[in-house]
Every structure is written in C-alpha cells, then in structure tokens.
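User: I am new to this structure and would be grateful for a close look at one part of the interior, namely the empty spaces enclosed within it. Please describe what surrounds them and then relate them to the rest of the protein.

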Amino acid sequence: MADTGSRPPRSVAIISATAPYPRDTGKKVVVAGLVEYWITRVGQENVHYILVAPPEATDAGFPVPVRLIRSPSMGEQCAAVASRTVATRRHALQESVLYARRIRGELDRILPEIDADLEIYDTVRLGQYATELAARADKRRMVYLDDLFSRRYARIRAAMRERNGIRLDALGEFRTFIPRPLRPIAEAAAVQHALLGLEQHLVARRELAAVQDFDTCLLVNREEAAHLTDRAGADNVAVLPPLVGSERASAPRRTHGSQFVFLGRMTLPHNHDAVATFLKNHMSELVRQVPDAVLRIIGGGPRQELQSLAARWGDRVRFDGYVADLDRVLSQSCAMVSPIRFGSGVKLKVLDALARGVPVVSTSIGAEGIAAGPEHGVLVEDDLDRHPRLMRKLTDRDYNAQVSRAARAHFDAVYSRAAVFRQYDEIFGF
C-alpha cells in the first residue's frame, strides 16, 4: 500500500458526478458510504462534496457542504470528444463527455479555497482533472476507480459476440452522458461493439495511468485490485469494501418458501442479460423442479423484450420495480439469484442478501470479489443449467437455515459497518 502520510487527514474533498442520495444504485451506496465514514472521522463541516451535475441538480439530502459545478454542455462534450479522444486517443470517451475547460477552472478555484488534506476523485472521469491541477504540498490525492471498466467492456464484447438471441444494449445508463444527437448512431449493435473496443483500449491505459498519477487507487473488488497491481507493478492499489448500511437483520429468517428474487436495475446491460437469459433458457427447468416457484425482479426499467419473456409465465414472474423496503421482500424469499454472465466490480445485490441472511445462487462473475461456498452463504455455479437444481436444494428448510446463518456471519465479519470502517481506517491512515 502507498504511504498514507504522517498524520490522518483532518478534512476531505470528494469530487464526483454522482449525487449519492437516495442510495438507489450500487454506485450511490459506495459514495454515500464514503461520506458517512468521513463524517464520523473528521466531522460534517470538514467533508466537502464537489458535484459536477446539471444545473437542476439539488443538494437535497446531502449531510455535508456541497459545491455544484454545471456539467458539460452538448457543445463542450462534442468538442472534448473530438479533441481528447478522436484526434489524440489520449482519453477515454467516458472522460471526454465529462470534460470542459470551464470545469477545470472552477476546480482550480474551489479546491484551494477548501484546502482539504485529502482529495478523492470519483473514477477516471473526474480523475482526469487532477493531473491538470497544480499539486499542493502535503495534500494527498486518491482516485476511486469503482471497478475495472476495461475488464467490464471486454466481457460485454464477448457476450455480444456470443449472439444467444438476446439483444444487448451495451450503453445502458451511460447513454445519459452521450450527446443526444449522437445517441441514435450509438444504438446500432455494430457501432456499440466498435465503441466498446475503442473504450476498452483507452480506459485500460487510463487505469494504468491512474496508478502513477494518484497516491492511492481504490477498487471495490479484491480480485480486480490484485489484477491492476499486477499490471501496473505498483503497491498503491487498495480495496475499498462498500458500506451497504444494513445492520438490521440480526437473526436467521424463519420462513423461506419457494420465492426467489433478482435485484438490480434492468437498464444495466449485465442485469438485462441475466434475467433475459434465465427466463428464456432456464425458467422452465426451475418450474419443473420447483412447481410453485415465483421469481420477483426488483429493479426498474425492463425493456419490452424482458416483459415479453416474462409474460408466458404469468404470476410466476413479477416485475416489482424499485422497492424501498428490501427487508420485507428478502425476508420472504428462499434465495437471491444472480445469474450474471459479464460485468465487473462487486455486485452489491449479493451484499444486500448476505446482510439479511438470504442465501445467494450466483455465477462466479455475479459473486466476483466475494468469498463463495455454502460456508459463506453464496452458492456459485457457472453452468446456468444447474441453477434450478441449486435453487430447489435451498427450498429445504434445514439446508436453507444453515446457509442463511453462514450468509449473515459472512456479512458481519467482512461487510458490517464496524468491519468496513476498520478497513477504511487502514486505507486512510487513522
């Protein structure tokens, strides 16, 4: 690990394009957890949040001071893509669509005013500004990389080449960063594949550059942290486990039944693919093995393809959209299923289940970075044909209770507030 300095920071600035409240996505959960941690260590008045967002963004719900910088206009985006990506190939597309000289100027003014001991940049998208800002003596800079996007894009491209009859929208929620006139072009599958190839190459270089440019690089996935450390030959990559904030489930569940749940926004390509693949190829076997099985899908934005695949199963498959009270839904569920075939990072849906003592049936990618096995509450199998059998096994009350206890113990040991804060203290030098 990189040298964390001679004394703990007394103030921190977090520079992000994400407003983390409400905590309704995995990314927001991680960023909000960072804010919560720093409040406990340095006090609310010493935690500063710089938000790059549209003018209509509000600071409602923020427990710390917020400075709002208007995100790039369409003209600024197009100019940055042309000059920083197309012409020079120095920056990834996701960086260019969040770049403007005006933003750099505002950061150059705001950060010295705040004068924080530590600056944390949220992904390479905001980290690109750090290299253009003057370094300040005795101040540290870290970048939260989220996960290795280069690996994510490689896996999405592989899934697109597989052509299993499911249309992948590789843009997902990233389309909100693309200038509106360019979106129709980016919708074409061939264009998406080519863009992903370019982005994979560019962002891989930028991930390596981040290791050199920042005192510490933070990743949520232990395996990805090891991978980047290997690639870069450096010792300043650290694992930042997410603070999921669920300390409520204190005892194993007493009811299980045959209800299964999938948790995740359907606008994300890996979630759409997982549900579509399961419904198309494996739902019939689940019904054969568990005749009264019900699959509840928690997460908004299902496309017509998903709704059509679900329709043949009637009430056996339910789209519930966003659910505020996950405790109630998960307490009634036999297990969470996560048949993810591609992606990167740590899937917070798995931690949500572990926190409530709910067993998980997943692929290795769906549980990447998380200890697996019945003794950890996570049953991993990459052959999706075998998932219905594992799901049926968990309908046995005694076996379910055993795996449920293991899930909760796993969460308490690694992902509880106390465990996560101990790991944060080590990273940040407390």
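Analyst: A suitable place to begin is the second largest cavity, whose lining is made up of Phe262, Ala274, Val275, Phe278, Leu295, Val337 and Pro339. The model is a predicted one. The space inside the second largest cavity comes to about 40 Å³. Its lining divides into seven nonpolar residues, with no polar and no charged ones. The element that gives the most to this lining is helix 10, residues 269-281, with three residues.

In general terms, nonpolar side chains tend to be buried together in soluble globular proteins. Empty space of this kind is found by rolling a probe the size of a water molecule over the atoms.

The structure holds three cavities of 30 Å³ or more. The largest cavity has a volume of about 50 Å³. Around the largest cavity stand Glu95, Val124, Gly127, Gln128, Thr131, Val143, Arg206, Ala210, Asp213 and Phe214. Two elements, helix 5 (123-130) and helix 8 (189-213), each give two or more residues to that lining. By character, the lining of the largest cavity divides into four nonpolar, three polar and three charged residues. The second largest cavity, by contrast, has a lining of seven nonpolar residues, no polar and no charged.

Helix 5 deserves attention in its own right. Eight of its eight residues are buried, and helix 5 is therefore largely enclosed by the rest of the structure. These buried residues are Thr123, Val124, Arg125, Leu126, Gly127, Gln128, Tyr129 and Ala130. Val124, Gly127 and Gln128 also appear in the lining of the largest cavity.

Gln128 leads on to serine 96, since Gln128 is among the residues in contact with serine 96. Leaving aside neighbours within four places in sequence, the other contacts of serine 96 are Gln77, Ala80, Val81, Arg84, Thr85 and His91. Serine 96 lies in helix 3, residues 93-96. Because its relative accessibility is 0%, serine 96 counts as buried. The side chains of serine 96 and threonine 85 are joined by a polar contact of 2.6 Å.

Alanine 79 belongs to helix 2, residues 74-86. Its relative accessible area is 44%, so alanine 79 is partly exposed. Alanine 79 and tyrosine 99 stand 20 residues apart in sequence, and their C-alpha atoms are 9.3 Å apart in space.

Two loops adjoining these helices contain residues with a positive phi. Arginine 89, in the loop between helix 2 and helix 3, has a positive phi of about 55 degrees although it is not a glycine. With a relative accessibility of 43%, arginine 89 counts as partly exposed. Aspartate 138 is placed in the loop between helix 5 and strand 5 (140-146). Aspartate 138 is likewise not a glycine, yet has a positive phi of about 65 degrees. Its relative accessible area of 73% is the reason why aspartate 138 is exposed.

The nonpolar interior may be considered next. The largest nonpolar core has 56 residues, and Trp38, Leu240 and Phe428 have the most contacts inside it. Helix 1, residues 26-42, supplies the largest share of this core, with nine residues. Phenylalanine 428 touches Pro9, Leu34, Tyr37, Trp38, Leu118, Ile120, Arg140, Met142, Leu218 and Leu240, when residues up to four places away in sequence are not counted. Apart from the largest core lies another, of 44 residues, with Tyr129, Met160, Leu202 and Cys217 among them. Tyr129 is also one of the buried residues of helix 5.

Before helix 1 there is a further local feature. The peptide bond from tyrosine 21 to proline 22 is cis, with omega near 0 degrees. Proline 22 is found in the loop between strand 1 (12-16) and helix 1.

These parts belong to a protein with 17 helices and 13 strands. Of its 430 residues, 56% count as buried. Among contacts between residues at least 6 apart in sequence, 70% join residues at least 24 apart.

Methods: Residues are numbered from 1 along each chain as its sequence is written. This is a predicted model: local features need pLDDT of at least 70, side-chain atom pairs count only at pLDDT 80 or more; totals for chains, interfaces and linings use all residues. Side-chain values use heavy atoms; hydrogens and water are left out. On a 1 Å grid over the protein atoms alone, a cavity is a set of points where a 1.4 Å probe fits but cannot get out, and a pocket is an open set with protein on both sides within 12 Å along at least five of seven lines; lining residues have an atom within 4 Å of a point. Grid points are joined across faces, edges and corners, and a volume is the space filled by probe spheres set on the points. Helices (H or I, at least four residues) and strands (E, at least two) are DSSP runs, numbered from the N terminus. Ala, Val, Leu, Ile, Met, Phe, Trp, Tyr, Cys and Pro count as nonpolar, Asp, Glu, Lys and Arg as charged, and the others, Gly among them, as polar. Buried means under 20% relative accessible area, exposed over 50%, partly exposed in between (1.4 Å probe, protein chains only). A polar contact is a pair of N or O atoms within 3.5 Å; within protein, one must be able to donate a hydrogen and the other to accept it, and residues adjacent in sequence count only if both atoms are side-chain atoms. Contact means heavy atoms within 4.5 Å. A nonpolar core is a set of buried Ala, Val, Leu, Ile, Met, Phe, Trp, Tyr and Cys residues joined through side-chain atoms within 4.5 Å.
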